[in-house]
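Q: Got a minute to go through this model with me? I'd like to talk about the ligand site.

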Amino acid sequence: MPETLRNIAFIGLGKMGTPMASRLISSGYQVRGFDLAEEARSQLAEAGGIPAENPASAVSDADAVILMLPTSAIVESVILSEEVLNLLPAKTLIIDMSSSEPLRTVALAEKVSTLGHKFIDAPVSGGVKGAEQGTLTIMVGGAGDDVESARPLLGALGRPTHIGPTGAGHALKALNNLLSATHLWITSEAMLVGEKFGIDPKTMLDAFNSSSGRSGSTENKWPNFILPETYNSGFGLGLMVKDMGIALTLASSLGIPAVLGQEAVALWKKAQSDLPPDADHTEIAKWLRSHPGSPE
Ligand code: NAD
């Protein structure tokens, strides 16, 4: 591992951040972490990391700062706070691994660069399981040198691919989740129809998975979280709707109407308004079963 990126500040120790920080610790990095939740800080200590009392003390001796937070607004509020900026060592590499908004990411990267720091976006796909196993797909945006300097660190978490300039990782991540959510909705509709016709659900999934209808929904979400009725993928429905909205805002800013995408977001938002705020995104299939009509 390059000596320059040895001390890592990790902010946001939620469902993804906790297993990601643990992987860095077991790969030999020193991780000083912060989360608003005390329980998350205790889990970091149990994994061999150093819990910090606030974000500023987490970053004070960092070579790189990883952010794994819910939204762009929270990422900005943490990294641009006066306390953090005062203690951030010069030329620190900031890595936003959250699923953030690409246009805000471009603006944030410019801002931190004027303050003498470096910035890359590196959002992930692969869920909690991928975070635990270190097999995340990591979509990286930023300048080539900065991306290369982070490659060993990101390699401890999964497979980093340099997608393009700053914001390209966040753009691709949002587009991926627009696809994923749309697949899950239409897969769930198809499963309802087939089931009502009398076809066994597992037989349907096996057939889809060896046919052109397969997707992450048929290969993973339906067999692992929906059929067993556990609905515990670890990815919140609210976060999925957030990501779909990011993709649509990007489309609209580029003058692309994305009509199916707009419809998909409206459908998911309807379900979101009925489900509890902490619902897992796979609960959409259960919701559809009890709301088979077209949502108003
Ligand atoms: P989560 O809600 O489980 O965790 C977010 C954590 O951030 C929480 O522990 C919360 O206490 C903490 N937090 C919020 N505001 C904070 C602040 N100001 N300072 C410090 N900590 C703060 O979310 P998650 O599922 O871990 O997702 C994190 C990010 O990763 C999101 O952007 C999400 O869209 C993305 N993501 C999630 C998954 C998944 O499967 N869960 C997969 C890929 C990407």
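Q: Why does the ligand lie between domain 1 and domain 2?
A: Domain 1 (3-165) and domain 2 (171-290) both give residues to the shell around the ligand, so the ligand lies between them. Keep in mind that this is a predicted model.

Q: OK. Which residues come nearest to the ligand?
A: There are 22 residues around the ligand, and Lys15, Met16, Asp35, Leu69 and Gly234 come nearest.

Q: What does the backbone of Lys15 do there, distance-wise?
A: One of its backbone N or O atoms lies 2.9 Å from an oxygen atom of the ligand.

Q: And Ser99 and Pro70, what are the distances there?
A: For Ser99, a polar backbone atom is 3.0 Å from a ligand oxygen. For Pro70, a polar backbone atom is 3.2 Å from an oxygen atom of the ligand.

Q: How much of the ligand's accessible area does the protein cover?
A: 86% of the 840 Å² that the ligand has on its own.

Q: Switching to pockets. Which pocket is the space taken by the ligand?
A: The largest pocket.

Q: Which elements give two or more residues to the shell?
A: α4 (72-79) and α12 (237-253).

Q: Which one gives the most?
A: α12, with 3 residues.

Q: Last one. How do the shell residues divide into nonpolar, polar and charged?
A: The shell around the ligand has 12 nonpolar residues, 5 polar and 5 charged.

Definitions and conventions. Residues are numbered from 1 along each chain as its sequence is written. This is a predicted model: local features need pLDDT of at least 70, side-chain atom pairs count only at pLDDT 80 or more; totals for chains, interfaces and linings use all residues. Side-chain values use heavy atoms; hydrogens and water are left out. A residue is near a molecule or strand if one of its heavy atoms lies within 4 Å of it. A polar contact is a pair of N or O atoms within 3.5 Å; within protein, one must be able to donate a hydrogen and the other to accept it, and residues adjacent in sequence count only if both atoms are side-chain atoms. Accessible areas come from the Shrake-Rupley method with a 1.4 Å probe; for residues, only the protein chains shown count as cover. On a 1 Å grid over the protein atoms alone, a cavity is a set of points where a 1.4 Å probe fits but cannot get out, and a pocket is an open set with protein on both sides within 12 Å along at least five of seven lines; lining residues have an atom within 4 Å of a point. A molecule sits in a cavity or pocket if more than half of its atoms lie within 2 Å of its grid points. Helices (H or I, at least four residues) and strands (E, at least two) are DSSP runs, numbered from the N terminus. Ala, Val, Leu, Ile, Met, Phe, Trp, Tyr, Cys and Pro count as nonpolar, Asp, Glu, Lys and Arg as charged, and the others, Gly among them, as polar. Domain bounds come from an automatic or database domain assignment.
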